[in-house]
Amino acid sequence: MEPEKLQGMKDAIRGRLTKPMRYYLDLCTRCGLCYESCHVIQGIHKREYSPVGRAEVVRKVFRKYFRPSGKFLPSWGEATDLDDRVMDELLDAAFSCTGCRRCVMHCPFGIDTGLIMGIAKVLLIENGTAPEELLMLSDAAVEKGKSIAEFKDGYRSVIYDLEKQVQERLGLPSPEGVIPMEKKNANILYVALAGARSIVNPAIIFNAAKEDWTLSFFEAVNFGQFLGDPEKMKFIANRVVNEAKELGVKEVVIVECGTAYRIPKFMLGPLPFKVTSIVELIHRYLKEGRIKLKEGALTAPVTYHDPCQLGRNGGVFEEPREILQILAKDYREMSPTREFNWCCGGGGGLVALDNENFRIKSGKPKRDQIVATGAKVVVSACENCISQLETIRSGYDLDVEVRYLTEIVAENLVV
Ligand code: SF4
Ligand code: SF4
């Protein structure tokens, strides 16, 4: 590698060497307690797909350039140069990890392998070998943030069509204003995804609850985070932060997307508004009596898949369960559950990549969990998870239906 490029790579690593990161890189005792905790190694039995195996690729590079033993006695210090072979290993390690953080629960030192993969990702960006799909999608989101005025008219005409669907479902006299946009000082700014479903179903719920809300011009998904580019991640997230500040809203409500929730909730520092998941909001409406659901409307056995970024890493466990226990006659829990739930294998932007066979194999623990419940309906609250659960359903020919939580709430509202 040319000296200039190598220097850029070393600087990229240095930029990620926070105190916790140095601790994670130095402290692993290779006890192996995390080895079986990753859904990937459960489905593809290769050491490289264990948490400790994938972190070791980064550790070898770190030792080579940042530890004396690695610099002067590389074989003794188990260190390695940044060459093409290592770059390929970093690509495989980083983009087979969903950042689910299940391994953290099994490591006695709390080593966060998902975070270590952040170093692999910045090296891949620096090397020009990060996944094309994620580069394109994150660049498009950044571009939209820079020239939002050009998108507004087109978006408004799409929304007008969706307003008619909301009007029909609720039997309202007119579609006018049922999906408000650019409303100043509303209680809630709702941030959806690109698909109509993520707008129509919450709009039905907001109207039924008589909420004072407005729809964001931006989609919630953050491809900068999936790519592992901290600058793009912040730019994409700040599009919504700035919109919320300009409108003067009290609360930002995030669509069913775990990562889109976790970023403003935990990663941007203090914000002048509350951040809530749509799942928490539906639960709040039910507690306050602002909406009512048809009790026992789902007659087939139902189970719930905890999205890792909403559950284990976001703390939203009970709200979706309490909603489903109203709707389902026969609610069944997966095992293990809550913070020990198996990742479905679709997070970290992996569903955007061309890797379906890999995702079917790494979704094996999730497949086994679903089958063990005997449920016929699998509900989740994250678009990435739903997409991966569909891949698991078709890949293993499972006799189940995969549903969004907001969709079944909107369908079963008492109006
Ligand atoms: S964060 Fe999840 S996918 Fe990544 S190594 Fe840990 S258990 Fe595996
Ligand atoms: S459990 Fe922790 S210390 Fe043990 S091998 Fe895994 S990461 Fe290293």
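The accessible surface of this predicted protein model comes to about 17,800 Å² (Shrake-Rupley method, 1.4 Å probe), and 51% of that area belongs to carbon and sulfur atoms. Local features here need pLDDT of at least 70 and side-chain atom pairs count only at pLDDT 80 or more, while totals for chains, interfaces and linings use all residues. Residues are numbered from 1 along each chain as its sequence is written, and side-chain values use heavy atoms, with hydrogens and water left out.

Now to the fold itself. The protein has 20 helices and eight strands (DSSP runs, H or I of at least four residues for helices and E of at least two for strands, numbered from the N terminus). Its radius of gyration, taken over C-alpha atoms, is 22 Å, close to the 22 Å from the globule rule (2.2 Å times the number of residues to the power 0.38) for 415 residues, so the protein is as compact as a globular protein of that length.

Let's step inside. Of the 415 residues, 57% count as buried (under 20% relative accessible area, 1.4 Å probe, protein chains only). In soluble globular proteins, nonpolar side chains tend to be buried together. The largest nonpolar core (buried Ala, Val, Leu, Ile, Met, Phe, Trp, Tyr and Cys joined through side-chain atoms within 4.5 Å) has 105 residues, of which Leu82, Ile179, Tyr190 and Leu215 touch the most other members. Helix 4, residues 51-66, gives the most to this core, with seven residues. Apart from it lies another core of 13 residues, among them Val378, Ile386, Ile392 and Val400.

Note on methods. Chains lettered and ligands numbered in written order. Buried < 20%, exposed > 50% of the residue type's maximum accessible area, 1.4 Å probe, protein only.
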